[in-house]
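Q: Could you walk me through how to read strands, salt bridges and an interface in a model like this?

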There are 2 protein chains.
Amino acid sequence: MGNDTQRWNELAAQIAVDSIRATTAAGSGHPTSSMSCAHLLAVLFSDHLRFDVKDPAYRGNDRFVLSKGHAAPALYAVLKAAGAFDDDMLMSLRADGSPLQGHPAPLTEFPWVDVATGSLGQGLAVGLGMALAMQLDGSDANVWVMLGDSEMAEGSVWEAMDATAYHGVANLTAIVDLNRLGQRGPTMHGWGSDVFRDRAEAFGWSAIQVDGHDVDEVDRAYRDAVADDRPTMIVARTVKGHGVSFLADQDNWHGKPVPTDRLDAAVAELGGLRDLRITPPSPPDLHTSPVEHDAMHERPTYDRPVATRRAFGDALAWLAGTYPDVVVLDGEVGNSTHTEEAQKVAPERFFQMFIAEQCMVGVQTGLQALGKTAFAASFGAFLTRAADQIRMAAISRADLRLCGSHAGVSIGEDGPSQMAVEDLAMFRALNGSTVLYPADGASTVALVEQMARIGGGSYIRTTREATPVLYGATETLTVGGSKTLASTDHDDVTLVGAGITLHQCLAAHDILGAEGISARVLDCYSVKPIDAAALRRAMGDTGAIVVVEDHRVEGGLGDAVLDTLAASGPLHGRVIKLGVTEMPGSATPERLRAWAGIDAASVAARVREALAG
Amino acid sequence: MGNDTQRWNELAAQIAVDSIRATTAAGSGHPTSSMSCAHLLAVLFSDHLRFDVKDPAYRGNDRFVLSKGHAAPALYAVLKAAGAFDDDMLMSLRADGSPLQGHPAPLTEFPWVDVATGSLGQGLAVGLGMALAMQLDGSDANVWVMLGDSEMAEGSVWEAMDATAYHGVANLTAIVDLNRLGQRGPTMHGWGSDVFRDRAEAFGWSAIQVDGHDVDEVDRAYRDAVADDRPTMIVARTVKGHGVSFLADQDNWHGKPVPTDRLDAAVAELGGLRDLRITPPSPPDLHTSPVEHDAMHERPTYDRPVATRRAFGDALAWLAGTYPDVVVLDGEVGNSTHTEEAQKVAPERFFQMFIAEQCMVGVQTGLQALGKTAFAASFGAFLTRAADQIRMAAISRADLRLCGSHAGVSIGEDGPSQMAVEDLAMFRALNGSTVLYPADGASTVALVEQMARIGGGSYIRTTREATPVLYGATETLTVGGSKTLASTDHDDVTLVGAGITLHQCLAAHDILGAEGISARVLDCYSVKPIDAAALRRAMGDTGAIVVVEDHRVEGGLGDAVLDTLAASGPLHGRVIKLGVTEMPGSATPERLRAWAGIDAASVAARVREALAG
């Protein structure tokens, strides 16, 4: 047994022991899932993952993503060995206030992970995004993603496999910890590693099968993976709970710590406590050349009706032409969302992700982790496909910039499968999110410009149809603000719209005005944060607010208005929410808005009814 | 050229012509995507798909799912040829009120499709659900699913491939219409049909490659697929816009009708109008044997604290043991959601879907389409993975019965990736949905019992921790109702809780009571529909309502309460919403509830503050 062999095996034993100690101390966690990958991590962090533990943000570092996030104890144990933190910190696992959460999450005080994991099947797409960022930067760094075998059933893994090969990404290696046992029994394919080899090859990858506890085999596989000019999947047959007789390959130990009274026996079987330290290999130099760049692109302006989806594309082209860190992702609908405008300007920073929205958002999360200002767009309806990835991006504190086009029943004839009518509810509910819904070209450009600077998840909702000009190119729209488009000192009611419905509110204002009813009209383009002051003032001044939205009545603009009014103190007055309450079919946009009761005539009718009542 | 050949080719030409005519009349739609699959459909519906067009609901029918829903015109055209409806109806495509929507959707007046399609990559899992239902029924029927090539990038397709082979389903055939062109240019793999053959085989399927316009080859492939004892993928190389020179294999024709002035030329190239009629083969006899069944299972009751997730499992076991059409699906967390209790009782009606939530919900949609009462469960957080499938199920008018366990920050140490805190927002926003959140064992059993009978999508949210007994086994809980657990004729405030927070509200009631503050306590176990009358009464009686939820403040119970109060007329009083407003970490459930401000002490403090202000 060579020196390296012994060194790696000792470190693996330490990782296993520390995973057991920390989870037993916490009273919960996943020691056995950590033990199966202990050797894989020991070899990787000792001799292959090139990174500076003192400067984990350094862009030249190799990156590691633990897609099987429940093996967090093993990751924390190897980070401790690498000097990231001490044993006391390790033993704070899962405790209140500890940055060592049950599943890894990046925190200011815990910079050694880049993204949150724990919802399975998401790490590979994130790794692909990182690998693409490295390529854009001219970096020689590599990305390593460790997956569990249970998560290989997630389609998102195969989306990322497909996209990685398509984009010719060779600096990404997937390590599959094939430990045969899932949460409640055997996985679908058990130790059938040929299955994964065949699939990897069919998806354009190289595949290497190893015994995941044979450190020399593992080391060779890592070397071969880096040398390969294709992405490589290393399928490692492993044993869950490896190294402790009463845990190894046993059912009913998933997510269970070793009981206190068996702790000593488990640690003893692994050879006792160790305090090995490692220094991972140094990262490659980052010799990025300044990007050739001519910022000739001008801010788009409009003097006639334009679809906000088109204005989004124009704004994106302007930003991509102006800022070299802007990257644009398309879900094979770039001629509908108009991301294709950005593709024309910066084709090298435009990635076609095809119809694989989960992968698109995962890649976006990876790109932003390495400092890219990444925008992605699809139909708003189809972003629901990536709801879990978007949720996890919030836990990653990711700066996710998303656009959903074809909002509401206003898309017309294509029918309900293509209509985003639940998207505001999804994005509003996310921690720290910003939700925007402009009504004309200029306001779209102004808000997209701000999205490029906003931290956290931001979502802009765009409309299929062209809408009239409301604002000049120099109009200032702030996130959290609103615009009052009609107002007197004797308004009878306030109409609140955003996007397409704002134009219906303006038309209703005219209808009502002709009848002697004075309506204030607010453009609530910032759905979250919402303009509490303007709404409170409107409620005080007019005593009645009608909110009109091309979205389900649940969870969208109407709920946001009610929420902010309720948060301001006692409620006094009327709030009427108009939105989609039934299942639409196919028809013209005008017909569908009338059907939903969100067109100007319906708004005016509800105002009359309310004022009469 | 044989008689059959000519017959099929003529029908294919009619399908192409009718697809063009209908979309030109509509002024929108996807003729070219319909033309690529015209021959595939002509052969299938003429001689392979065995169904009674007069009785499309007959359970013995073969089933067809058009996963590439945008080719709806071709499906409608072949259904017209089969006598489902006349040409006038066909020409109503996409018109207001027509059941022939832009993408297929099942409607009472349009029973020839079973599920809605149009969000890509979803049909195969639905087909798997149908195939499993047929197997349970002892039916000899087959399922045919037609996919487009763009949607092969969706991971959900590969989830379904994996699960189909795993479950040994041979009565399912996938037909891939490989027409090379997506919405905005070439698909990822173009006409590289070997890619899909290799992947299909690596996923345990048989694969057959054909020229999709050679009807004899197609016919042979269909015969071979049915004879095969494995599921078969037929990879058909086709031409988008086939048969019309200015459309065939041309860019920029996706989703565009032929202009009126080129209609005649296009129709002429296809040989003009036809009025062929076909009679599809008769369906196989349905010789289901009565299910052997001993309904020995008793309704579960509890006289001590139990986790509602456990009560859900017990109730499911009771229902599965009592009703032979109950089917249960698990996303590899059955020992957490407790679906494993149902597995013990009815293992033949329990399907392990592994960690592939999109596939699980698609299969569920297919099962219910064939009359099964299908329940599925996972962690509530992970049901977001299937958000788009759940959205499409609503458009399918599917009776989807879902349980999300591990609700809220109350799961504790596992951390935010495992916490459902946006799930109520997602389910509330769905058309026709029912959202339930019980607080104890008996109410869980009562609500699960009702879910088995509720139409549309229903969601029950369960809690990880055991909660005390609130109700006796005979307590009646109606959907849309609530329970008042504490009330006087001089209440100062109303506390509204559900699930875990109801217990915090009860404890706050006691704290406040000791201080002379009388709090009414409402169990709002029915989040949607919500008990408007009880809430209105509470507002009138107490003038202040505090809603406490272990969920984000956006889109959940608090918004539901405000929504229903606003819908009842002018608002007068105070509504305070307590819920999750920041990103949680790992800690004990008690600590996290205190951190979120939703524990009894926080509730009491907010009440004091509100009453003082």
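Q: Is strand β10 of chain B mostly covered or mostly open?
A: Start with the terms: strands (E, at least two residues) and helices (H or I, at least four) are DSSP runs, numbered from the N terminus. Buried means under 20% relative accessible area, exposed over 50%, and partly exposed in between, using a 1.4 Å probe and protein chains only. Here β10(B), residues 401-405, is mostly covered, with five of its five residues buried. Keep in mind that this is a predicted model, where local features need pLDDT of at least 70 and side-chain atom pairs count only at pLDDT 80 or more, while totals for chains, interfaces and linings use all residues. Residues are numbered from 1 along each chain as its sequence is written, chains are lettered from A and ligands numbered from 1 in the order in which they are written, and side-chain values use heavy atoms, leaving out hydrogens and water.

Q: Which residues sit on each face of β10(B)?
A: In a regular strand, side chains alternate between the two faces of the sheet. In β10(B), one side carries B:Arg401, B:Cys403 and B:Ser405, the other B:Leu402 and B:Gly404, and all of them are buried.

Q: Which strand pairs with β10(B) over five bridges, and which is joined to it by four?
A: Two strands pair if DSSP finds at least two bridges between them. The five-bridge partner is β9(B), residues 373-379, in the parallel sense; there, B:Phe379 has B:Ser405 as its bridge partner. The four bridges lead to β12(B), residues 458-461, also running parallel, and B:Gly404 stands opposite B:Arg461 in that strand.

Q: How many salt bridges are there over all chains?
A: The rule wants a side-chain nitrogen of Lys or Arg within 4 Å of a carboxyl oxygen of Asp or Glu, and the count comes to 86 over all chains. Take A:Arg461 and A:Asp423, with closest N and O atoms 2.8 Å apart. The first lies in strand β12(A) and the second in helix α17(A), so the pair ties together parts 38 residues apart in sequence. Both residues are buried.

Q: What does the salt bridge of A:Asp559 and A:Lys577 tie together?
A: Their closest N and O atoms are 2.4 Å apart. A:Asp559 belongs to helix α21(A) and A:Lys577 to strand β19(A), so parts 18 residues apart in sequence are tied together. Again, both are buried.

Q: Are B:Asp87 and B:Lys80 buried or partly exposed?
A: These two meet in a salt bridge at 3.0 Å, N to O. B:Asp87 has 22% relative accessibility, so it counts as partly exposed, whereas B:Lys80, at 2%, counts as buried. Over in chain A, a network of salt bridges links A:Asp18, A:Arg21, A:Lys80 and A:Asp87.

Q: How many residues does each chain bring to the contact?
A: Contact means heavy atoms within 4.5 Å; chain B brings 98 residues and chain A 97. Buried area is the accessible area (1.4 Å probe) that two parts lose on being put together, summed over both. Between these chains that is about 8,100 Å², with 49% from carbon and sulfur atoms.

Q: How many salt bridges cross the interface?
A: The rule finds 18 between chain B and chain A, including A:Asp162 with B:Arg199 at 2.9 Å, N to O. Strands cross over too: β19(A) and β19(B) pair in the antiparallel sense over three bridges, and A:Gly573 has B:Leu571 as its bridge partner.
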